[in-house]
Amino acid sequence: MSWQAIDRTAVSEEQLGPGLSDAVREKIRSFFSRYPTKQAALLPALHVAQDAIGYCSLRAMREIAELLGVPPSQVMDVATFYTMFWTHPRGEKVITVCRSLTCELMGSNRVLAALKERLGIGEHETTPDGKFSLQTEECLAACDHAPCLLVNEKKYKCVKVEDLDRILADPDSDKLDIPRSDLYDAPPESEARQE
Ligand code: FES
């Protein structure tokens, strides 16, 4: 669970957090033509906002609501339903340990305990230097390589406790072959037709 309860009755400017940049707004608008309604672009909009800001701030959620023409409460409902969206600041790297059965049988509890010890934090907490947050999640869709974890969006399979120091020390531990933001970009029509 990566969300926290928000008292919306009294929100200060600071609590609203950062808003969307022009580039992020443009990116969100670029999704509209792919869907029958603007509302349907809510999930990618939240992803793009979170990628840019680091989390889904209240201000960003309000601005997404305006862009999509939906009530802010609807954006917040979706953002707080899915555990991958954070409504408060998180660490530069979020480590997500799989807590489902196959990984647990293969030792994910040991991996999680070792991470808690090395980072000095519990689940849903962030290290004081802001580098790491820790959480657990249901099946990461690589059960045949259990136990698994994610560093941001990058998946690590067959993880052993002995691997953790290397993963934590690697500055590129979250680098994907395909930048995450590109995952939202449909291939040009010409490429799409060739596939
Ligand atoms: S149970 Fe962990 S990846 Fe499926």
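**View 1. The turn between strands E2 and E3 has a glycine with positive phi.** In this hairpin, five residues sit between E2 and E3, and Gly130 takes a positive phi near 75 degrees. We're looking at a predicted model here, so to speak. E2 covers residues 125–126 and pairs with E3 in the antiparallel sense, using two bridges. If you want a spot to start from, pick Thr126: its bridge partner in E3 is Ser133.

**View 2. Five strands line up in an open sheet.** Go across the sheet and you meet the strands in the order E2-E3-E1-E4-E5, with mixed pairing. Which strands stand at the edges? They're E2 and E5 (154–156); each has a single partner strand, so one side of each is left without a neighbour in the sheet.

**View 3. Strand E1 is buried on both faces.** How many of the six residues of E1 are buried? Six of the six, so E1 (residues 93–98) is largely enclosed by the rest of the structure. Side chains in a regular strand alternate between the two faces of the sheet. In E1, one side carries Lys93, Ile95 and Val97, the other carries Val94, Thr96 and Cys98, and all of these are buried. Yes, that list includes a lysine, Lys93.

**View 4. E1 has E3 as a parallel partner.** Six bridges hold the pairing of E1 with E3 (residues 132–137), and the sense is parallel. You can walk along it residue by residue: Val94 has Ser133 as its bridge partner, Val97 has Thr136, and Cys98 stands opposite Glu137. Ser133 turns up again from the E2 side, as the bridge partner of Thr126.

**View 5. E1 also pairs with E4, this time antiparallel.** E4 takes in residues 149–151 and is joined to E1 by three bridges. Look for Val97 once more: its bridge partner in E4 is Leu149, while in E3 its bridge partner is Thr136.

**View 6. Strand E3 is buried on both faces too.** Again the count is six of the six residues buried, so E3 is largely enclosed by the rest of the structure. Phe132, Leu134 and Thr136 are on one side, with Ser133, Gln135 and Glu137 on the other, and both faces are covered. Note that Glu137 and Gln135 are among the buried residues.

**View 7. Helix H7 lies across the sheet strands.** H7 is made of residues 108–119 and lies across E1, E3 and E4. Its direction makes an angle of about 150 degrees with E1.

**View 8. Helices H3 and H4 pack through nonpolar residues.** H3 (residues 42–53) and H4 (residues 58–68) have axes 11 Å apart and pack at about 145 degrees. The crossing of H3 past H4 is right-handed. On the H3 side, find Leu42, Ala45, Leu46, Ala49 and Ile53; on the H4 side, they meet Ala60, Met61, Ile64 and Leu68. What kinds of residues make up this contact? Nine are nonpolar, with no polar and no charged ones.

**View 9. Zooming back out to the whole protein.** There are nine helices and five strands, and along the sequence they come in the pattern α-α-α-α-α-β-α-α-β-β-β-β-α-α. Of the 195 residues, 42% count as buried. About 11,000 Å² is exposed, with carbon and sulfur atoms supplying 52% of that. For contacts between residues at least 6 apart in sequence, 67% join residues at least 24 apart.

How values were computed. Residues are numbered from 1 along each chain as its sequence is written. This is a predicted model: local features need pLDDT of at least 70, side-chain atom pairs count only at pLDDT 80 or more; totals for chains, interfaces and linings use all residues. Side-chain values use heavy atoms; hydrogens and water are left out. Helices (H or I, at least four residues) and strands (E, at least two) are DSSP runs, numbered from the N terminus. Buried means under 20% relative accessible area, exposed over 50%, partly exposed in between (1.4 Å probe, protein chains only). Contact means heavy atoms within 4.5 Å. Accessible areas come from the Shrake-Rupley method with a 1.4 Å probe; for residues, only the protein chains shown count as cover. Two strands pair if DSSP finds at least two bridges between them. Axes are lines fitted to C-alpha atoms, for helices over the stretch in contact, and angles run from 0 to 180 degrees between N-to-C directions. A crossing is left-handed if the near helix is turned anticlockwise from the far one by less than a right angle, and right-handed if clockwise. Ala, Val, Leu, Ile, Met, Phe, Trp, Tyr, Cys and Pro count as nonpolar, Asp, Glu, Lys and Arg as charged, and the others, Gly among them, as polar.
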